[in-house]
Amino acid sequence: MTESAGTTVAPRFPAETDRDYAMLIDGEWVGPGERDTFPCVDPYEDQPWGRIPVATADDVDRAVRAARRAFDEGGWPQTPAVVRAAMLRRLADLIEQHADELARIQIHENGKLIGEMTGGAHFLATHARFVAGLAETMGAASTQGVPGYTTYTVREPLGVVAAITPWNSPLTLLSWKLFPALAAGCTIVIKPSEVTPTSTLRLAELCVEAGFPAGVVNVVTGFGQPTGAALAGHPGVDKIAFTGSTAAGKAMLAAAGPRIGRVTLELGGKSPNIVFGDADLDNAVHGVMAGIFAATGQTCMGGSRVLVEDSVYDEFVERLSAAANRLTMGDPLDPSVDVGPVACRNQFERVLQYIQIGQGEGAKITAGGARDNTPQTAHGLFVQPTVFTGVDNSSRLAQEEIFGPVASVIRFSGEDEATRLANDVDFGLAAAVWTENVARAHRMVKRLRAGTVWVNTYRVVHYAVPFGGFKQSGLGRELGIDALDPYTEVKSVWIDEGNRQTFGRR
Ligand code: NAD
């Protein structure tokens, strides 16, 4: 409890969160000891909490060796799929029991809204059950058509996975890697973002409680350098499963290259949200807002380029700007708040810097455009929902990922120009089309170079539907019914049905 102007204010999170945290290596909890530590910082209060160990190269080596042993000698890949699936279902039950706690830890770390984080935490449990089902159906396929032979293929677990994850949806984006890796029979070493390490450590505790054997799940904490780089470059790692920035994604490819390591990359985006003149404009305004202001714009699929057809441009800009100005900012634990803080100081400064860049490039601000300074927000890392209009698609504002609540509105005329502008960017993660014309919707879906295309909706994702990027937005896909494939190798088996070898016979 703290005293404030004569009133007593309850702390927003339990005092026990401000403690030393421990990493999970080979079934042992490894605290800071002599290691350097770093804190988490609650972005709503801009206050540090907790002491998290910086894993040394030696810690990373022990974690990878433990995962290697659990894979090569520990019997985890040979554990029957039904047993692995049962463990995942036990984990799902534990996640459900602790969903509110998991949501709140993430909010303490990254300031995302209670509604989204609580829903997301419960959804983890259903996702785990879905993946458990995939484990039970992953199997052998017979192949036909080779005379004189019986042939079949089996999918075998790939090996040791390094999962390196970002801060914006720490547990959801980890689950896209952790659940299929475990279901397939792989072992894993996780390196969560330095902004959000403790939620992953709590999930790791639940993995231990669910019964995953020592060495199957390991967590090392620290920064990209040296911890993440030591993990990505470790020769004992068979696959890197990475979500984060495109720049770090390129470092992952470079690290895996010399050993031809397997890599899945989910990277950045600069996704176009395309509003045609025949759209339901009311729906489109709210969809565009959800695309860029939900999660304070800190989502890889953020609809940061808003392409608007000239016939409705002025009206749309006016409605979007007015609606953006009406959004409420404040405590992410308050369910009535629309927009929370930016997750960390680096990101906060980066977003404000991009607002300056946009102004320098001549774009006009019609909503927001500054740090928010109300009594509810002045102490935290808040940036106002910002709308830039008259943006040139070749400008830095339109081409570079900002990862914050900044929409760039770009004018177009007709489908050809919309397509050209939408695709004229290095990224290709997502896109959306707003139109009441079903034929136009189908035409645009075919022309857009993006891994996900939404029509009259935005930012919906589900574990049954694959997710991933074209171009520099990534490599490979996560989720969907094929989610286990990237965690397996295909082995082809040939059995002779009685042909006699002819080589060398005379
Ligand atoms: P980031 O790339 O800075 O960091 C991601 C992770 O990689 C962190 O754990 C970090 O410590 C680690 N890391 C950074 N450099 C490394 C290196 N050289 N070697 C090894 N590890 C390294 O990204 P971030 O700021 O945490 O997250 C935001 C980015 O993630 C945005 O670009 C966003 O678009 C992207 N993202 C993509 C998706 C997707 O599914 N496509 C989802 C969420 C976020």
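This report walks through the pockets, the ligand site, the enclosed cavities and two backbone oddities of a predicted model.

## The largest pocket

Let's start with the biggest opening. The largest pocket takes up about 1200 Å³. Its lining is made of 46 residues, and the ones closest to the pocket centre are Pro166, Trp167, Ser193, Glu194 and Ser245. If you want to find the spot in your viewer, those five residues will take you to the middle of it.

Several secondary structure elements chip in. Strand E5 (37-42) and strand E12 (239-243) each bring at least two residues to the lining, and so do helices H7 (224-232), H8 (246-256) and H11 (345-360). The top contributor is H8, with six residues. As for chemistry, the lining breaks down into 26 nonpolar, 13 polar and seven charged residues.

## The ligand and its surroundings

Where does the ligand sit? It is in the largest pocket, the one just described. A shell of 30 residues surrounds the ligand, and Lys191, Glu194, Ser245, Leu267 and Glu401 come nearest. Two of these names should ring a bell: Glu194 and Ser245 are also among the residues closest to the centre of the largest pocket.

H7, E12 and H8 each supply at least two residues of this shell. Here H7 gives the most, with four residues, whereas for the pocket lining that role goes to H8. Sorted by class, the shell holds 16 nonpolar, ten polar and four charged residues.

## Backbone contacts to the ligand

Now for some distances you can check on screen. On the oxygen side of the ligand, a backbone N or O atom of Gly224 lies 3.2 Å from a ligand oxygen, and a backbone N or O atom of Gly244 lies 3.3 Å from a ligand oxygen. On the nitrogen side, a polar backbone atom of Leu267 is 2.7 Å from a ligand nitrogen. How much of the ligand does the protein bury? On its own, the ligand would expose 850 Å², and 88% of that is buried by the protein.

Leu267 is worth a second look, as it also belongs to the group of residues that come nearest to the ligand.

## The second largest pocket

The runner-up pocket holds about 560 Å³ of space. It is lined by 27 residues, with Glu116, Gly120, Ser169, Thr172 and Val461 closest to its centre.

Two helices stand out here: H4 (114-137) and H5 (170-184) each provide at least two lining residues. H4 has the largest share, eight residues. The class count for this lining is 13 nonpolar, eleven polar and three charged residues.

## Two enclosed cavities

Besides the open pockets, there are two cavities of 30 Å³ or more. The largest cavity has a volume of about 80 Å³. It has 13 lining residues, and Gly269, Gly297, Ser304, Glu401 and Phe403 lie nearest its centre. Five of the lining residues are nonpolar, six are polar and two are charged. Glu401 has shown up before, as one of the residues that come nearest to the ligand.

The second largest cavity measures about 60 Å³ in volume. Around it are 14 lining residues; Pro272, Phe427, Gly428, Ala430 and Arg449 lie nearest the centre. Helix H13 (414-423), strand E19 (427-428) and strand E20 (430-434) each contribute at least two residues to that lining. By class, the lining of the second largest cavity has eight nonpolar, three polar and three charged residues.

## Backbone oddities

Most peptide bonds are trans, and most residues other than glycine have a negative phi. Two places in this model go the other way. The peptide bond from Gln225 to Pro226 is cis, with omega near 5°. Pro226 lies in helix H7, and H7 is the element that gives the most residues to the shell around the ligand.

The other place is Asp46, which is not a glycine yet has a positive phi of about 55°. Asp46 sits in the loop between E5 and strand E6 (47-53). E5, on one side of that loop, is one of the elements that supply at least two residues to the lining of the largest pocket.

Note on methods: Residues numbered from 1 in each chain as written. Predicted model: local features only at pLDDT ≥ 70, side-chain atom pairs only at ≥ 80, totals over all residues. Heavy atoms only, no water. 1 Å grid on protein atoms, 1.4 Å probe; cavity = no way out; pocket = protein on both sides within 12 Å on 5 of 7 lines; lining within 4 Å. Points joined across faces, edges and corners; volume = space filled by probe spheres on them. Nonpolar A, V, L, I, M, F, W, Y, C, P; charged D, E, K, R; others polar. Near = heavy atom within 4 Å. Polar contact = N/O pair within 3.5 Å; in protein donor to acceptor, adjacent residues only side chain to side chain. Areas by Shrake-Rupley, 256 points an atom, 1.4 Å probe, with all protein chains shown as cover. Sits in = over half its atoms within 2 Å of the grid points.
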